[in-house]
Amino acid sequence: DQLESDLAEAIRHRQLTMAYQPIFGLETGRIVACEALVRWNHPERGAISPALFVPLAEASGLIDGLTELTLDLATSSAAAWPDEILVAVNISPSQLKRGNFDRMLAKALARNGLPAQRLEIEITENLFVEEDEDLAKAIEALRALGVRFAIDDFGTGYSNIGYLSHMPIDKIKIDRKFLTGIHEDRRQAGLLRSFLGFVDSLDMAVVVEGVETHDQLSFLADCAPSSLIQGFLLSRPIPDAELATLWPKEV
Ligand code: G
Ligand code: G
Ligand code: MN
Ligand code: NA
């Protein structure tokens, strides 16, 4: 259809852009990573959400081209950031298991001179519903390159927690819906606390997503001071050019 051919055209002409949302250490206030989020400004329809066009790309064979472009843009941006700051990219579940993904990634890293250790892949929790040998192999191969992994949208899916806890994962990102409800619903606060305890027991880093209010921030400062935080209160996703104002000042 029309949208699909417009997307193909936009990918071919590299008309998609990336926005970056910083992730901070709660205690340190320092940026540890920036999440790369793809943006498409359609010439007639305006901004179209990746929640709409990423699934379209997956269904129509455009996903390889989309992933290639976003990896190139994200690694090229990150190569100019301070060395200690990671770039986190969202990768579609179907992409990860395609045989060409490790080559695609290695190519983007080499082309832009970004060490693999500075790239983190965010994959959705739903990938871990049942044990999957191909997935485990794909993750192992990428980790051998030095790439890190984060589980996105944690708490929204139906993952097998026992299985997930044995995966070689560096970070868990708790879905923003748990933070949204903490001041209205005591069960949400209880759930969030138990997730934070769970992640802590696995010795993984935790990102709490969707921090929008000072009340939420003080809740986290009380019960999980060592967590990482991301959300509109701290910063919206912004263009690469605006990130520089947030970097720590040289001393
Ligand atoms: O940025 P926004 O809130 O509109 O993102 C909507 C959804 O699109 C989120 O689930 C996010 O993970 C996903 N998304 C954003 N950028 C990318 C990308 O570059 N690749 C993939 N596969 N998904 C993305
Ligand atoms: O599924 P994923 O976690 O990758 O989705 C990331 C998206 O969440 C980003 O594109 C961003 O627009 C959105 N987001 C980031 N911080 C906040 C926040 O504080 N509140 C809300 N409502 N959305 C956020
Ligand atoms: Mn994400
Ligand atoms: Na998420």
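Here is a short tour of this protein, from its overall build to its ligand shell and its nonpolar core. Please keep in mind that the model is predicted. The protein folds into eleven helices and nine strands, and ligand 1 has a shell without charged residues.

**Overall build**
- The radius of gyration is 18 Å, which agrees with the value near 18 Å that a compact globule of 251 residues would have.
- Along the principal axes, the C-alpha trace spans about 50 × 45 × 40 Å.
- Of the 251 residues, 34% are buried.
- Among contacts with a separation of 6 or more, 66% join residues 24 or more positions apart.

**Around ligand 1**
- The surrounding residues are Leu 37, Val 38, Ser 49, Pro 50, Ala 51, Val 54, Thr 70, Asn 90, Ile 91 and Ser 92.
- By class, six of the shell residues are nonpolar and four are polar.
- Strand S2 (31-42) and helix H2 (50-59) each give at least two residues to this shell, and H2 has the largest share with three.

**The nonpolar core**
- In soluble globular proteins, nonpolar side chains tend to be buried together.
- Here, the largest nonpolar core holds 62 residues, and those with the most contacts inside it are Cys 34, Ala 36, Ala 74, Val 87, Ala 88, Val 89 and Val 206.
- Helix H3 (residues 63-78) supplies the largest share of this core, seven residues.
- Ala 88 is a good residue to look at: beyond its neighbours within four places in sequence, Ala 88 contacts Ala 33, Cys 34, Glu 35, Ala 36, Glu 120, Glu 122 and Ala 150.

Key:
Residues numbered from 1 in each chain as written. Chains lettered and ligands numbered in written order. Predicted model: local features only at pLDDT ≥ 70, side-chain atom pairs only at ≥ 80, totals over all residues. Helix = DSSP H or I, 4+ residues; strand = E, 2+ residues; numbered from the N terminus. Rg over C-alpha atoms; globule rule 2.2 N^0.38 Å. Buried ≥ 20, exposed ≤ 12 C-beta atoms within 10 Å, placed from the backbone. Contact = placed C-beta atoms within 7 Å. Near = placed C-beta within 6 Å. Nonpolar A, V, L, I, M, F, W, Y, C, P; charged D, E, K, R; others polar. Core = buried A, V, L, I, M, F, W, Y, C linked by C-beta atoms within 7 Å.
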